[in-house]
Amino acid sequence: MTFKPVIKEIELSDRNEENGLHQFVVTLTNQSKCRLFFSKDPDWKIIGVNRLLNIPCPICRKDYYCNCMSKYANEFERQLIENNLIQ
Ligand SMILES: [Zn+2]
């Protein structure tokens, strides 16, 4: 498996100050979009990844829901934190 997601854009989509849950929509360099679920308490921690269905999955090629992107949750978290994309 040579696929490696690279985040190109990020957009805050929802934030709940009370429970620290945040949702971001990220666009990858291959144009895939994913919704990332984060908790902040006080450190950021990724708790979920949903691929949006704008293009077929770059891994399994399905154009319906799959779980492939969930395997990259830690990679998404690392890129967002290391690149200071969330704060
Ligand atoms: Zn897939």
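Four residues sit between the strands in the hairpin of β2 and β3, and there Gln-31 takes a positive phi near 80°. Keep in mind that this is a predicted model. Gln-31 is found in the loop between β2 and β3, and its phi is a positive value in a residue other than glycine. Gln-31 counts as exposed because it has 10 other C-beta atoms within 10 Å, and 12 or fewer is the cut-off.

The strands on either side of that loop run antiparallel, and seven bridges join β2 to β3. One position to look at is His-22, which stands opposite Phe-38 in β3. On its other partner, β2 pairs with β1 (residues 7-16), again in the antiparallel sense, over eight bridges. Here Glu-9 stands opposite Thr-27 in β2. The hairpin of β1 and β2 has four residues between the strands as well, and Gly-20 is the one with a positive phi, near 75°.

Gln-31 has a companion further along: Asn-84 is another residue other than glycine with a positive phi, near 55°. Asn-84 lies in the segment after α1. It is exposed, since just 7 other C-beta atoms fall within 10 Å. Here are the backbone angles worth a click:

| Site | Angle | Value |
|---|---|---|
| Gly-20 | phi | near 75° |
| Gln-31 | phi | near 80° |
| Asn-84 | phi | near 55° |
| Asp-41 and Pro-42 | omega | about -15° |

The last row is a cis peptide bond, joining Asp-41 and Pro-42. Pro-42 has its place in the loop between β3 and β4.

Now for the overall layout. The chain has one helix and four strands, and reading along the sequence gives β-β-β-β-α. Its radius of gyration is 13 Å, close to the 12 Å that the globule rule gives for 87 residues, so the chain is as compact as a globular protein of that length. Along its principal axes, the C-alpha trace spans about 35 × 25 × 20 Å. Of the 87 residues, 16% count as buried. If you take the contacts with a separation of 6 or more, 24% of them come from residues 24 or more positions apart.

What makes up the largest nonpolar core? It has 11 residues: Phe-24, Val-26, Leu-28, Cys-34, Leu-36, Phe-38, Ile-46, Val-49, Met-69, Phe-76 and Leu-80. At least two of these residues come from each of β2 (21-28), β3 (33-40), β4 (44-51) and α1 (73-82).

Phe-24 is a handy core member to zoom in on. Once its neighbours within four places in sequence are set aside, Phe-24 is in contact with Ile-10, Glu-11, Leu-12, Ser-13, Leu-36, Phe-38 and Ile-86. Two of those partners, Leu-36 and Phe-38, are also listed in the core. Phe-38 also turns up in the strand pairing, as the residue opposite His-22.

One more spot is Ser-70, whose place is in the loop between β4 and α1. Is Ser-70 buried, exposed or partly exposed? It is partly exposed, because its 14 other C-beta atoms within 10 Å fall between the limits of 12 and 20. The C-alpha atoms of Ser-70 and Lys-33 are separated by 13 Å, with the two residues 37 apart along the chain.

Terms used
Residues numbered from 1 in each chain as written. Predicted model: local features only at pLDDT ≥ 70, side-chain atom pairs only at ≥ 80, totals over all residues. Core = buried A, V, L, I, M, F, W, Y, C linked by C-beta atoms within 7 Å. Helix = DSSP H or I, 4+ residues; strand = E, 2+ residues; numbered from the N terminus. Contact = placed C-beta atoms within 7 Å. Pairing = 2+ DSSP bridges. Rg over C-alpha atoms; globule rule 2.2 N^0.38 Å.
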